[in-house]
Each structure stands twice: as C-alpha cells, then as structure tokens.
Amino acid sequence: MIKLKIVLEHSYYPNYFAIEDIIATQEKAPCKFLVNIPKLGKLNAASEEDDLKAGTSLELPVWLVQQLASGRQPLVTIDLPKSYKPAYREILKADATAVDLHKFGLYFYELGCHIAQFDNQGDVREILVHTFTTRFKQLMDLADNIGLDPSAIDKLDMLERKLFKDGNLARNLLNNWLNNSIIPMGAATMVVNHRKRKRINVE
Amino acid sequence: MLGEKAYSLVKELEDRQCEILPYNTDLVTEIATEIVHLYDQNHQDVRLEDSRTPGTSTNLMPTVRMRHAAIQRNQRCLLAYHYNRLRLLRQMRWEFGSILPTELKENLSAAENGWFNKYSTILGKYMRSIGENGGLNLAVDLKPPKALFIEVRCLVDYGKLELNDGTNVLLKKNSQHFLPRSECEELIRRGILQHIAN
C-alpha cells in the first residue's frame, strides 16, 4: 500500500511547540556557578548545604543553562558537552561519513545549534555545517537505495532520520507513479495503524 | 525542579507520534502544582528582596531567576503537550471522519472531546456552505478519478449499503463489488472496503 501523506513537518527551534526541540534541550551540559544561589543547594546531590555555592560544577539541562548564562549578569559559565569538544570535532573533521552520529547524540544538530551560542570561536557552528554537508550526499544515496544496508540508518541522528524517511517515501511514490499511474485508494494511515494495534491486543 | 516531569510528558508524544494516548491527567496536574509552588516561592523571595537594604544579607535574585526559568520550561512543555495533541486530533477528524472509534475517544480529556466536536461542526458547516447544491465533501476525491465505477473487496461484515439510486448492496466479508467510486470512497478511507486496482 502506498502512503500518500508526506509529512514534512520538521519543527525546529525557534518553534515553541516543537517536541524535538524540547527533548534536545533536556540534554545536560556541564557548567560552573559564578555566584551563590541561596536555597537551591538540593540541585547539587553531592552536598547537603542549603545554598548552591559559587564555584560548584554541575551538569544541568541545556534549557536551564541557557537562561542562566545569558543576560547582563550571567550566573554560570558553560562548558561544551562531550560530543562538541575539540577531540570529537577532530573525529568529525577526519571523516564525518564514517561516524555513528546516533552515538554522538540523538539530536546532534539541534542541540549543536543551542550549544554554538556558547562557543565564541565558532568552531561548533563550523563543525555542524561541515558534518551535515559531508554526510548529506551519503544520506541521499541511502534514501534512494534502501536495501543496500539497512543498518546504515542506525548511524543517523534524528534530523537525518527524518530526512531519510521523507526522502525514501518520496522516492517510493515516484517509482510507483512511474510504474503505474493508477493509484488505488487506501484506508487512512491512522485507521490502518489503529486496526493493527487492535489486532495485536486481541491476540 | 529540573523539568523531569514536564520532560516525560513531552516524551510520551515523541514515542508515539501518530497515535493518541490517554490524556495524562495526573502528570499535567502535578506539573501545574509544581508551577504554582515555584511561583509562590518566587513571590515570597521577591518580597524579601524588596525589603532588603542593599549590601546586607544574601541576594536572592539568582534563586528567583532559576525558579523562573523552571516555570517557563514547565509552561512550555504543558503547552506543547496540549498543542500537539490537538494537531493529532485535527488529523483524526480527517482520517476517521466525524465519529471516532470508542477506544480512541476514551483517550481524550473532556476539553479535547469538546474541541473535537466543535471542530467537526465547524468543518461540516463550512463544507455545506461551499460548492453547488448542498455543499462539497472535502474529505473525498483525494485522488483524481479515472473511472466512475471501481472494483472493491469488502474487508469486514458491514451489512447493507444503500446507494444513491436506491439499490441495496449487501457488504459481506470477502465479497467483491463493482460500485460507484463516489459512494465507496469514504468506506475505503475507513478501512471497510479495499480498492482493487487492476
């Protein structure tokens, strides 16, 4: 059966409602407190004090760090998460196509865009573009010729997976259309999925 | 305070993007309570901060800022949860039609149910208002027709179907029929009939 609906709803930052963006910003980044934060000592599991002392190093979600590190009086300094550090950047520079990006981070690009703000040299920005452009050719190739190596999909990050899914669907639609122009009407996607689930429940 | 609850709420949506899960009343209430709690604490601290003479005792502003960031995060997650469910619901109106299967209906909150009915009414009203003689059904003719009649196979025991010209067709499981396209498209969308091409 052909799925006719092509979903191209890549919601990305600054889309306030984007699920992907919310999930990506929950990733943690190491940061160091510059000032005392009274009453919030419980955020640091290692100490039992009431206050969060200046100089404490913690791993906090990116959405929080972003808020704290910006503005006229930053409360923290942020350090890059592991995957965006020079050592990892070198790996990507050497050969981005060979890397298992899924292991680097589920939302490598999305999170990278947020992280890039805190990298004054602009190296992170550069590596994001470099990684994407280098890998894109391979991605397109994969979308056009699935069947070659299904395990290759495991090495894609979530953005790439979506692009792959859409690209592959479009390729299939085109192939089908070229082969026979009569398109049978099918049940709506949601109806089909609902049926399948029902059947599993019954069994 | 680090938004774990709000995160797990949104995570629910990510795992099953094309399916409506039961409305998570418990978690939504918990997050709302957390927001109120953080807000109250901030309110208190801001008052203390106002009455403080500069240079004495501790500065509470950093604490307030951190809590505020958490409030905003929680709010964002709650809104995203509801918004994305509504989008799903809207899509369901187009794919299942105006009557949802009961198993799915149970998963909606009361407010969502109300929204669905309203949306359905508005859509119906709009479709009746356009086109000639009595409106235009936008949910059919999604693909350009090649012939007026098509071959279909029945997938379930549906019962009698009365066609526009008055003839009755008995739709039994696995029976095949040659029917006007316009009359069976909706049943195909609902998965009752299967279109046999060639």
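**Entry 1: chain A as a whole**

Accessible areas come from the Shrake-Rupley method with a 1.4 Å probe, and for residues only the protein chains shown count as cover. On that basis I noted that chain A exposes about 11600 Å², of which carbon and sulfur atoms supply 54%. I keep in mind that this is a predicted model, in which local features need pLDDT of at least 70 and side-chain atom pairs count only at pLDDT 80 or more, whereas totals for chains, interfaces and linings use all residues. Residues are numbered from 1 along each chain as its sequence is written, chains are lettered from A and ligands numbered from 1 in the order in which they are written, and side-chain values use heavy atoms, with hydrogens and water left out.

For the secondary structure I used DSSP runs numbered from the N terminus, helices being H or I with at least four residues and strands being E with at least two. Chain A then has eight helices and three strands, and along the sequence their order is α-β-β-α-β-α-α-α-α-α-α. Of the 203 residues in chain A, 39% are buried (under 20% relative accessible area, with exposed meaning over 50% and partly exposed in between, for a 1.4 Å probe and protein chains only). I also looked up contacts (heavy atoms within 4.5 Å): among those in chain A between residues at least 6 apart in sequence, 65% join residues at least 24 apart.

**Entry 2: a nonpolar patch on chain A**

I next looked at A:Leu174, which lies in helix α7 (residues 158–179) of chain A and is partly exposed at a relative accessible area of 40%. Together with A:Trp177 and A:Leu178, A:Leu174 makes a nonpolar surface patch of about 340 Å². A patch here takes residues with over 30% relative accessible area and no salt bridge, joining like charges within 9 Å and nonpolar side chains (Val, Leu, Ile, Met, Phe, Trp, Tyr) within 5 Å.

**Entry 3: where the chains meet**

How many residues does each chain bring to the contact? I recorded 55 residues from chain B and 48 residues from chain A. The two chains bury about 4700 Å² between them, 64% of it on carbon and sulfur atoms, where buried area is the accessible area (1.4 Å probe) that two parts lose on being put together, summed over both. On the chain B side, B:Leu2, B:Met66 and B:Arg76 lose the most area to chain A, together 16% of what that side buries.

I then counted salt bridges (a side-chain nitrogen of Lys or Arg within 4 Å of a carboxyl oxygen of Asp or Glu), and there are two between chain B and chain A. In one of them, the side chains of B:Asp45 and A:Lys39 meet at 2.6 Å, N to O, and a network of salt bridges links A:Lys39 and B:Asp45 with B:Arg67. A:Lys39 sits in the loop between β1 (28–33) and β2 (57–61) of chain A and is partly exposed, at 40% relative accessibility. The phi of A:Lys39 is positive, near 75°, in a residue other than glycine.

**Entry 4: salt bridges within the chains**

Over all chains, the whole structure has 15 salt bridges. In chain A, I looked up A:Glu90 and A:Lys93, whose closest N and O atoms are 3.7 Å apart; both lie in helix α3 (residues 86–95), three residues apart, so about one helical turn separates them. In chain B, B:Glu30 and B:Lys5 pair at 3.6 Å, N to O, and this pair links distant parts of the chain, with B:Glu30 in helix α2 (residues 25–51), B:Lys5 in helix α1 (residues 4–15) and the two positions 25 residues apart. B:Glu30 is partly exposed at 37%, and B:Lys5 is partly exposed at 34%.

**Entry 5: the domains of chain B and a covered helix**

Chain B is divided into domain 1 (4–95) and domain 2 (149–195), with bounds that come from an automatic or database domain assignment. I noted 49 Å between the C-alpha centres of these two domains.

Is helix α6 (residues 181–189) of chain B mostly covered or mostly open? It is mostly covered, with seven of its nine residues buried, among them B:Cys184, B:Leu187 and B:Ile188, and also the charged-group residues B:Arg181 and B:Glu185. After this helix comes B:Gly191, with a positive phi near 80°. B:Asn174, in the loop between β3 (168–171) and β4 (176–180) of chain B, likewise has a positive phi, near 70°, in a residue other than glycine, and B:Asn174 is exposed at a relative accessible area of 55%.
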